Amino acid sequence: AWSILTYWTSETMVQLTEQIVRGKTRLDRLDEVRNLNLWGQDLDDVSVLAKMTNVEVLSLSVNRINTLRDFRHCLKLQELYLRKNEIADVAEVQFLMPLKELKVLWLCDNPMADHPYYRQIVARALPLVEKLDNQEITPQERDQAMRNPEVAKYLAVPLDPNSARPPSRAIPSPRSPTVGTPSYSSPPPAAERAGSASAGPGQRRKNILYAVMALVAELDEDDLIYVKREIEQRLGNMGR
């Protein structure tokens with residue numbers, strides 16, 4: 001079962017709450033969470049991560065997160081997936097420097113990834129990260145990052161985690177308060193049919209399956225990785 005997110009106005013931040021995490025993971029204590037996948041939920045406030053000190057895998061792609069500061073508390077984090085968010089300042093990778101167990105990092109399709117020295121800055125700031133955006137950081141690439149004086153400039157001044165947060169982009173229009181699937185600007189016809197109230201339980205289940213298959217056909221390889229992770233987590237919860 002999915003929890004509820006409430007949208008007060010078009011300017012309101014969409015916050016990841018303890019209730020949502022508990023509903024998703026079926027765990028009472030946030031420090032027990034090891035894996036969390038909330039892909040495509042329009043989240044832009046994830047400050048609750050400060051209480052998830054033992055989380056190892058975070059999949060928060062396709063949201064509206066615009067800062068990395070909240071991830072600095074997740075000292076056990078090994079894999080972080082943040083594709084298609086709104087992180088603009090490449091220097092924010094400094095907030096990930098305390099994460100000594102982080103090996104896999106995805107930040108592509110954020111504005112920061114358009115910076116000409118993006119990969120070099122990440123390679124220099126996070127020497128223990130082995131793979132960035134599904135591509136290994138080679139020794140040659142890391143050596144170039146260490147030798148490039150332009151890269152050093154972006155890491156020379158430590159960022160203050162208590163400074164004002166970057167402003168969030170307003171949500172274009174009010175959303176339904178129930179969050180259960182990733183947000184799509186125009187759902188495919190199959191997805192619309194899946195929620196038809198006139199169909200019986202058996203037919204609705206079939207329609208949902210058809211909708212899922214239709215959506216899967218639209219996903220690229222990167223997105224399918226997140227779908228696979230979500231399915232594995234769901235099956236694990238059902239087996240408890």
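This briefing covers the nonpolar cores, one buried asparagine and helix H2 of a predicted model. Local features need pLDDT of at least 70, and side-chain atom pairs count only at pLDDT 80 or more, while totals for chains, interfaces and linings use all residues. Residues are numbered from 1 along each chain as its sequence is written, and side-chain values use heavy atoms, with hydrogens and water left out.

**Nonpolar cores**
- The largest nonpolar core (buried Ala, Val, Leu, Ile, Met, Phe, Trp, Tyr and Cys residues joined through side-chain atoms within 4.5 Å) has 45 residues.
- Buried means under 20% relative accessible area, exposed over 50%, partly exposed in between (1.4 Å probe, protein chains only).
- Leu58 and Phe71 have the most contacts inside this core.
- Helix H1 (18-25) and helix H2 (118-125) are the elements that give two or more residues to it; helices (H or I, at least four residues) and strands (E, at least two) are DSSP runs, numbered from the N terminus.
- H2 gives the most, with five residues.
- A second, separate core has five residues, including Tyr81 and Trp106.

**Leucine 58**
- Beyond four places in sequence, Leu58 is in contact (heavy atoms within 4.5 Å) with residues including Leu36, Met52, Phe71 and Tyr81.

**Asparagine 63**
- Asn63 sits in the loop between strand E2 (57-59) and strand E3 (79-81).
- Asn63 counts as buried because its relative accessibility is 5%.
- Leaving out residues up to four places away, Asn63 touches Trp39, Asp42 and Lys84, among others.

**Helix H2**
- Seven of the eight residues of H2 are buried, among them Tyr118, Arg119 and Ile121.
- Their cover includes strand E4 (104-106), helix H3 (139-147) and helix H4 (149-153).
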